[in-house]
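Subject: A structure for you to look through

Hi there,

Here is the structure I promised to pass on to you. Have a look at it first, and then read my notes below.

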Amino acid sequence: EKLLLSLAPNSPKIAPAGLMINKLKYRTISLEDGESVNVVVGFIENNTHETFREVLIEALTFNDAGKRINSIKINAASTLAKARIKSLSLDMIKELQARESAKHFELKPGEQSEFTIALPEENLETPKYFSARIYSVKS
């Protein structure tokens with residue numbers, strides 16, 4: 001990892017111990033247009049001594065056999081945590097989530113940040129299990 005960081009100091013790296021996800025929940029939100037969308041919500045908690053300017057989160061869903069149904073990676077700065085999701089269409093949710101965020105993101109030591117990841121591409125199979133992980137970070 002030291003060699004990679006010396007060659008590309010601004011490249012993403014794996015999350016250090018102490019940067020974690022907690023209070024993770026999965027729910028279905030009924031939209032005002034009659035559609036519905038599944039979301040994974042939670043908090044990123046920074047129990048390290050580093051400040052992070054970019055955190056990439058991956059949400060995953062699995063069927064009852066443990067086979068992955070869906071996986072979506074999003075930047076914590078572009079999450080839907082502050083949006084009124086019920087009033088959005090599925091297309092708007094997809095666009096907002098995929099868009100490069102103009103919002104400045106900074107997660108300092110001791111802070112936490114709420115996130116929401118929409119899973120609009122779920123197939124007809126109902127997830128039995130779900131998870132989320134910190135995919136990568138930049139300081």
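Lys108 has a relative accessible area of 39%, so it counts as partly exposed. Please keep in mind that this is a predicted model. The side chain of Lys108 meets that of Glu106 in a salt bridge, with 3.6 Å from N to O. Glu106 is itself partly exposed, because its relative accessibility is 29%.

Glu106 also has a salt bridge with Arg53, where the N to O distance is 3.4 Å. Why is this pair worth a look in the sequence as well as in 3D? Arg53 lies in the loop between strand 2 (36-46) and strand 3 (54-62), while Glu106 lies in the loop between helix 2 (90-98) and strand 5 (112-118), so the pair ties together parts that are 53 residues apart in sequence. Arg53 is partly exposed too, at 44% relative accessibility. Through shared partners, the salt bridges join Arg53, Glu106 and Lys108 into one network.

How many salt bridges does a search of the whole structure find? The search finds five. Another one of them links Lys73 and Glu58, whose closest N and O atoms are 4.0 Å apart. Lys73 is in strand 4 (residues 68-75) and Glu58 is in strand 3, so this pair ties together parts that are 15 residues apart in sequence. Are the two partners buried or exposed? Lys73 is partly exposed, with a relative accessible area of 41%, whereas Glu58 is buried, at 2%.

Lys73 has a second thing to show you: its charged end sits over the ring of Tyr135, 4.6 Å from the ring's centre. You can find a similar arrangement at Lys23, which lies over the face of Phe43 at 5.3 Å from the ring centre. As for rings that pair with each other, a search of the whole structure finds one aromatic pair.

Now turn to helix 2. Which of its residues are buried? They are Leu90, Ile93 and Gln97. These residues cover an arc of only 60° around the axis, which means that they are on the same side of helix 2. In general, an α-helix has 3.6 residues a turn, so residues three or four places apart point the same way. On the other side of helix 2, you will find Asp91 and Ala98 exposed. What covers the buried residues of helix 2? The cover includes strand 2, strand 4 and strand 5.

Last, have a look at Arg27, which has its place in strand 1 (residues 19-30). Arg27 is partly exposed, with a relative accessible area of 43%. If you leave aside its neighbours within four places in sequence, Arg27 is in contact with Val37, Asn38, Val39 and Val41. You could also pick out Ala118 in the viewer: its C-alpha atom and that of Arg27 are separated by 9.8 Å, and the two residues are 91 residues apart along the chain.

Enjoy exploring, and write back with any questions.

Best wishes

Key: Residues are numbered from 1 along each chain as its sequence is written. This is a predicted model: local features need pLDDT of at least 70, side-chain atom pairs count only at pLDDT 80 or more; totals for chains, interfaces and linings use all residues. Side-chain values use heavy atoms; hydrogens and water are left out. Rings of Phe, Tyr and Trp (its six-membered ring) pair if their centres lie within 6.5 Å; planes under 30 degrees apart count as stacked, over 60 as edge-to-face and the rest as tilted. A charge sits over a ring if NZ of Lys or CZ of Arg is within 6 Å of the ring centre and within 35 degrees of the ring normal. Helices (H or I, at least four residues) and strands (E, at least two) are DSSP runs, numbered from the N terminus. Buried means under 20% relative accessible area, exposed over 50%, partly exposed in between (1.4 Å probe, protein chains only). The arc is that of the directions from the helix axis to the C-beta atoms. Contact means heavy atoms within 4.5 Å.
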